[in-house]
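Biologist: I should be grateful for a close look at one helix and at what surrounds it. Please set out the account in connected form, for a reader who works at the bench.

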Amino acid sequence: MAESDCIFCEIAKGRSPAAVEYEDDLVVAFADINPVAPVHILVVTKTHLASISEMKEEEEELIGHMVWVARKIAENRKLEGYKLVFNVGEKGGQIVFHLHLHLLGGWDEKQEEIRI
Ligand code: AMP
Ligand code: ZN
């Protein structure tokens, strides 16, 4: 897929609008356009990587950084509990094939199940 056809590449380059919550050299984090939790943020790599299923060993640190950023955002927002989700592949519910981590939280009650 050409990067110009990828919505998350466009957001990462500042060419498409998003409610950006955090940004550094490696990732950008912004509000999901169709939230399924009171707080629903996507942590997205700045480079176009399709999916965890295509992850290379040398990307270990980058994926760890995504988790670290999600955890820092959760801390800043004082989330008491949250879920971190990678949807992997079509059968895993992945719709956008540009690597992203869902940060979901902000509920008053314990959440057993969530569909994303
Ligand atoms: P996934 O099913 O893991 O591929 O999730 C893709 C997510 O991207 C969904 O939760 C969508 O609501 C979200 N999404 C798609 N387009 C945008 C956009 N332009 N801005 C913010 N979130 C988006
Ligand atoms: Zn992309």
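Modeller: What follows describes helix H2 first, then the strands that cover it, and then some further places in the chain.

The model is a predicted one. Helix H2 spans residues 60–76 and has 17 residues. From its first C-alpha to its last it reaches 25 Å, close to the 24 Å expected at 1.5 Å a residue.

Which residues of H2 are buried? They are Met 66, Val 69, Ala 70 and Ala 74. These residues lie on the same side of H2, because they cover an arc of only 140° around the axis. The background to this is the geometry of the α-helix: with 3.6 residues a turn, residues three or four places apart point the same way. The face of H2 turned away from the buried side carries exposed residues, namely Glu 60, Glu 61, Gly 64, Glu 75 and Asn 76.

Beyond the helix comes Lys 78, which is found in the loop between H2 and S4. Its phi is positive, about 55°, although Lys 78 is not a glycine. In general, most residues other than glycine have a negative phi. Lys 78 counts as exposed because it has 8 C-beta neighbours inside 10 Å, and the cut-off for an exposed residue is 12 or fewer.

The cover over the buried residues of H2 includes strand S1 (20–23), strand S2 (27–31), strand S3 (39–45), strand S4 (82–85) and strand S5 (100–105). How these strands pair with one another may be followed step by step.

A hairpin of three residues joins S1 to S2, and the two strands pair in the antiparallel sense over three bridges. In this pairing Val 20 stands opposite Phe 30 of S2. Strand S2 also pairs with S3, in the antiparallel sense and over five bridges. Here Phe 30 has Leu 42 of S3 as its bridge partner. Phe 30 therefore takes part in the pairing on both accounts, with Val 20 and with Leu 42, as strands pair where bridges are found between them. Strand S2 is largely enclosed by the rest of the structure, because four of its five residues are buried.

From S3 the pairing continues to S5, antiparallel and over six bridges, with Val 39 opposite Gly 105. Strand S5 pairs with S4 as well, in the antiparallel sense over four bridges; in that pairing Leu 84 has Leu 103 of S5 as its bridge partner. Strand S5 is mostly covered, with six of its six residues buried. On one side these are His 100, His 102 and Leu 104, and on the other Leu 101, Leu 103 and Gly 105, so that both faces of S5 are covered.

Three places outside the strands complete the picture. Ile 11 lies in helix H1, residues 7–12. It is partly exposed, because 19 other C-beta atoms lie within 10 Å, whereas a buried residue needs 20 or more. Leaving out residues up to four places away in sequence, Ile 11 touches Ser 16, Ala 18, Val 28 and Phe 30. Ile 11 and Val 44 are 33 residues apart in sequence, and their C-alpha atoms are 9.4 Å apart in space.

Thr 47 has its place in the loop between S3 and H2. Thr 47 is partly exposed, with 14 other C-beta atoms within 10 Å. Between the C-alpha atoms of Thr 47 and Asp 25 there are 9.9 Å, the two residues being 22 residues apart in sequence.

Ile 114 lies in the segment after S5, and it counts as partly exposed, with 13 C-beta neighbours inside 10 Å. Apart from neighbours within four places in sequence, Ile 114 is in contact with Val 36, Ala 37, Lys 83 and Leu 104. With respect to H2, the C-alpha atoms of Ile 114 and Ile 73 are separated by 20 Å, and the two residues are 41 residues apart along the chain.

Finally, the model includes ligand 1. The residues around ligand 1 are Ile 7, Ala 18, Asp 32, Ile 33, Asn 34, Leu 42, Asn 87, Gly 93, Gln 94, Ile 95 and Val 96. This shell divides into six nonpolar residues, four polar and one charged. Two of its members have appeared above: Leu 42 as the bridge partner of Phe 30, and Ala 18 as one of the residues that Ile 11 touches.

Conventions. Residues are numbered from 1 along each chain as its sequence is written. Chains are lettered from A and ligands numbered from 1 in the order in which they are written. This is a predicted model: local features need pLDDT of at least 70, side-chain atom pairs count only at pLDDT 80 or more; totals for chains, interfaces and linings use all residues. The expected span of a helix is 1.5 Å times one less than its number of residues. The arc is that of the directions from the helix axis to the C-beta atoms. Two residues are in contact if their C-beta atoms, placed from the backbone, lie within 7 Å. A residue is near a molecule or strand if its C-beta atom, placed from the backbone, lies within 6 Å of it. Ala, Val, Leu, Ile, Met, Phe, Trp, Tyr, Cys and Pro count as nonpolar, Asp, Glu, Lys and Arg as charged, and the others, Gly among them, as polar.
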